[in-house]
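User: Hello! I am new to this structure and would like to learn how to read it. Could you walk me through it, one feature at a time?

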Amino acid sequence: MKSLKVFMAVAGLLLPMTAFAQAVSIYDIQYTTDPTGDSPYVDQAGVTTEGIVTAVYDRIYFIGDPIGGAWNGLYVYDPISSPSLGDHVRLTGTVQEYYNLTQLQSLTDFEVLSAGNNLPAPKVLPSGSVAQEQWEGVLVRVENVTVTSAGLPYGEWSVSDGSGDVRIDDKGSYNYFPTIGDELAANIGPRDYSYGEFKILPRDDSDIILSLP
C-alpha cells in the first residue's frame, strides 16, 4: 500500500511529507492458504505492523497480537533496536520468507508505543501439533512432556507428550541441562523454524518448568 502524501509549507515552499502508513495486522501478514506457507505479503517492502514483544534474543525478537492464538505471532530480524518484553512496538520493514520462515526484516521504522504491557497467553498445544503453520512465531506451551533426545546438533533437544517430538532450541538463556527421560511440567516459548526443524525457543529458566506446584 502506498503511503498517503501531504504537503507542508516551509519558507514559502510546498514540500512533500509522507504520512504514517496504515498498519497491517500480524494475522494478515501470517495467514495463508498457500501450501508453501508463504505470507501473502512476501517480498513487499514498507509493510507496517504493531504488536507486543513476546521474546528477545540476539538480533531477533518476536511480536504478537495481545489476543494471541493462531497466525498472531511474527519473527523480527533487527540487529539495531533493543526492545523489552511487553513493549508495544510499531515497525515498518520488508516481509521475507527466510528458508520458509516468515519474518519482518530491513526495518525502516521502529517505535515503542508503550511499555510494560501484558504478554499474550501462550497457546497450549500437543507437542505433535507445534509444527503446524498457524503457530509460526506464536508463543506456545507444551505440557507434561518427557525429554526424548538430548544433545542434538546446535545445542537442541526434544520433548514429547506422546503425540510427537518437538525440538527445543537454546537461543535463550537458561541453566537447565536436558537428560533423556526427564519429565517436565511444561516448555514455553515462541514457535520458530530453522535448519528444516520446527522448534520452541525458551526465553529463560522460567520457560522450562520442571514440576507444577
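Analyst: Gladly! Let's begin with a term: helices and strands are DSSP runs, numbered from the N terminus. With that in hand, the chain has 1 helix and 14 strands. Please keep in mind that this is a predicted model.

User: Thanks! How many residues does the chain have, and what percentage of them are buried?

Analyst: A residue counts as buried when its relative accessible area is under 20%. In this chain of 213 residues, 44% are buried. As for the surface, the chain exposes about 10,900 Å², and 53% of that is supplied by carbon and sulfur atoms.

User: What share of the contacts join residues at least 24 apart in sequence?

Analyst: Here we consider contacts between residues at least 6 apart in sequence, and 60% of these join residues at least 24 apart.

User: Now for charged side chains. How many salt bridges are there in the whole structure?

Analyst: The general idea is that side chains of opposite charge can pair when their charged atoms come close. A search of the whole structure finds 9 salt bridges. One of them is between Arg-167 and Glu-156, with 2.8 Å from N to O. Arg-167 belongs to strand β11 (residues 165–168) and Glu-156 to strand β10 (residues 156–160), so this salt bridge ties together parts that are 11 residues apart in sequence.

User: Which residue besides Arg-167 forms a salt bridge with Glu-156?

Analyst: That is Lys-199, and the closest N and O atoms of this pair are 2.6 Å apart. Since Lys-199 lies in strand β13 (residues 197–200) and Glu-156 in β10, the pair ties together parts that are 43 residues apart in sequence. Stepping back, there is a network of salt bridges that links Glu-156, Arg-167, Glu-197 and Lys-199.

User: Are Lys-199 and Glu-156 buried or exposed?

Analyst: Recall the cut-off of under 20% for buried. Lys-199 has a relative accessible area of 1%, so this residue is buried. Glu-156, at 2%, is buried as well. Arg-167, the partner of Glu-156 in β11, is also a buried residue. Elsewhere, Arg-203 and Asp-207 form a salt bridge at 2.7 Å from N to O, and both of these residues are buried.

User: Let's turn to the strands. How do β10 and β11 run, parallel or antiparallel?

Analyst: They run antiparallel, joined by 4 bridges. Within this pairing, Ser-158 has Arg-167 of β11 as its bridge partner. The two strands form a hairpin with 4 residues between them, and Gly-162 in the turn has a positive phi of about 105°.

User: And in which sense do β11 and β13 pair?

Analyst: Those two pair in the parallel sense, over 2 bridges. Here Arg-167 stands opposite Lys-199 in β13. You have met both residues already, as members of the salt-bridge network.

User: Finally, what is the volume of the largest pocket, and which residues are closest to its centre?

Analyst: A pocket is an open set of grid points where a probe fits. The largest pocket has a volume of about 430 Å³. It is lined by 17 residues, and the closest to its centre are Tyr-75, Tyr-98, Lys-171, Ser-194 and Tyr-195. The elements giving two or more residues to the lining are β5 (73–77) and β12 (183–194). β12 supplies the largest share of that lining, with 3 residues.

Note on methods. Residues numbered from 1 in each chain as written. Predicted model: local features only at pLDDT ≥ 70, side-chain atom pairs only at ≥ 80, totals over all residues. Heavy atoms only, no water. Buried < 20%, exposed > 50% of the residue type's maximum accessible area, 1.4 Å probe, protein only. Contact = heavy atoms within 4.5 Å. Areas by Shrake-Rupley, 256 points an atom, 1.4 Å probe, with all protein chains shown as cover. Salt bridge = Lys/Arg side-chain N within 4 Å of Asp/Glu carboxyl O. Pairing = 2+ DSSP bridges. 1 Å grid on protein atoms, 1.4 Å probe; cavity = no way out; pocket = protein on both sides within 12 Å on 5 of 7 lines; lining within 4 Å. Points joined across faces, edges and corners; volume = space filled by probe spheres on them.
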